[in-house]
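Here are my notes for you to read alongside the picture. Keep the viewer open and click on each residue as its name comes up.

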Amino acid sequence: MICCGTNELRVEADIGADPIWCNSCLMNLNLEDIAISKSLKQEMMDWVQQYGGWIDWKNEGQWVPNGLELERLHNEHGERLTEKVKQELGPKYKVVFSKSAYGWTP
């Protein structure tokens, strides 16, 4: 199931990618190969399809109105999904969440 033999996974949304990645080699993993329920897979795909909804892609990546709040809510949803993945996979896997940081400034 895992590309480099690790048991470390990362939940992260990105455009055009499934939401689970190898946290060691950073390879995007096929969600169908992950041993979680069909309903959780669908919930994760629905979540990842909303990624970037806070960005106005046609206007040089500017924020949409209330964009920072939309990104915050997206990250909260991702954290909840990560907890569900952890529960379904059990202690054999270490699962972490990588939040969207489009609105983050150093």
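The points below go from the sheet to the helix packed on it, then to the aromatic pairs and a few single residues.

1. Before anything else, keep in mind that you're looking at a predicted model. Every value in this note is computed from that model.

2. Let's start with the sheet. Three strands make it up, in the order β2-β1-β5, and the sheet is open, with mixed pairing. Which strands stand at the edges? They are β2 and β5: each has a single partner strand, so one side of each is left without a neighbour in the sheet. Going from one strand to the next, the twist averages 30 degrees.

3. Now look at how the strands are joined, and you'll see where "mixed" comes from. Strand β1, residues 8-11, runs antiparallel to β2, and three bridges hold that pairing. With β5, β1 pairs in the parallel sense, over four bridges. R10 is a nice residue to click on here: W21 in β2 stands opposite R10, and R10 also has V96 in β5 as a bridge partner. Next door, V11 faces I20 in β2.

4. Next comes helix α2, which covers residues 67-89 and packs on the sheet, touching β1, β2 and β5. How many degrees does the direction of α2 make with that of β5? About 175 degrees, with angles counted from 0 to 180 between N-to-C directions. You can also check the length of α2 yourself. The expected span is 1.5 Å times one less than the number of residues, so the 23 residues of α2 should span 33 Å, and the end C-alpha atoms are indeed 33 Å apart.

5. Stay with α2 and ask which of its residues are buried. The list includes G67, E71, H74, N75 and H77, along with G78, L81, T82, V85 and L89. These buried residues pack against β1, β2, α1, β4 and β5, so don't look at the sheet strands alone when you trace the contacts of α2. E76, also in helix α2, is partly exposed, with a relative accessible area of 30%. Its C-alpha atom is 8.6 Å from that of K99, although E76 and K99 are 23 residues apart along the chain. Just after α2 you'll meet G90, which has a positive phi of about 80 degrees.

6. On to the aromatic rings. Two numbers describe such a pair: the distance of the centres and the angle of the planes. The model has three aromatic pairs if ring centres must lie within 6.5 Å. One of them is W47 with F97: their centres are 6.2 Å apart and their planes are at 50 degrees, so the pair is tilted. That angle falls between the cut-offs, under 30 degrees for stacked and over 60 for edge-to-face. The pair also links distant parts of the chain, with W47 in helix α1 (residues 38-49) and F97 in strand β5 (residues 94-97), 50 residues apart. Is W47 buried or exposed? W47 is buried, with a relative accessible area of 1%.

7. Compare that with Y51 and W54, another aromatic pair. Here the centres are 5.4 Å apart and the planes make 85 degrees, an edge-to-face arrangement. W54 is buried as well, at a relative accessible area of 2%.

8. Two loop residues deserve a click for their backbone angles. Most residues other than glycine have a negative phi. L26 has a positive one, near 70 degrees; you'll find L26 in the loop between β2 (20-22) and α1, partly exposed at 46% relative accessible area. E60 isn't a glycine either, and its phi is positive too, at about 55 degrees. E60 sits in the loop between β3 (55-56) and β4 (62-63) and counts as exposed, with 75% relative accessibility.

9. Finally, have a look at T6, in the segment before β1. At 15% relative accessibility, T6 counts as buried. What does its side chain touch? There is a polar contact with the side chain of S24, at 3.3 Å. Beyond its neighbours within four places in sequence, T6 is in contact with C22 and S24.

Notes: Residues are numbered from 1 along each chain as its sequence is written. Side-chain values use heavy atoms; hydrogens and water are left out. Rings of Phe, Tyr and Trp (its six-membered ring) pair if their centres lie within 6.5 Å; planes under 30 degrees apart count as stacked, over 60 as edge-to-face and the rest as tilted. Helices (H or I, at least four residues) and strands (E, at least two) are DSSP runs, numbered from the N terminus. Buried means under 20% relative accessible area, exposed over 50%, partly exposed in between (1.4 Å probe, protein chains only). Two strands pair if DSSP finds at least two bridges between them. Contact means heavy atoms within 4.5 Å. A polar contact is a pair of N or O atoms within 3.5 Å; within protein, one must be able to donate a hydrogen and the other to accept it, and residues adjacent in sequence count only if both atoms are side-chain atoms.
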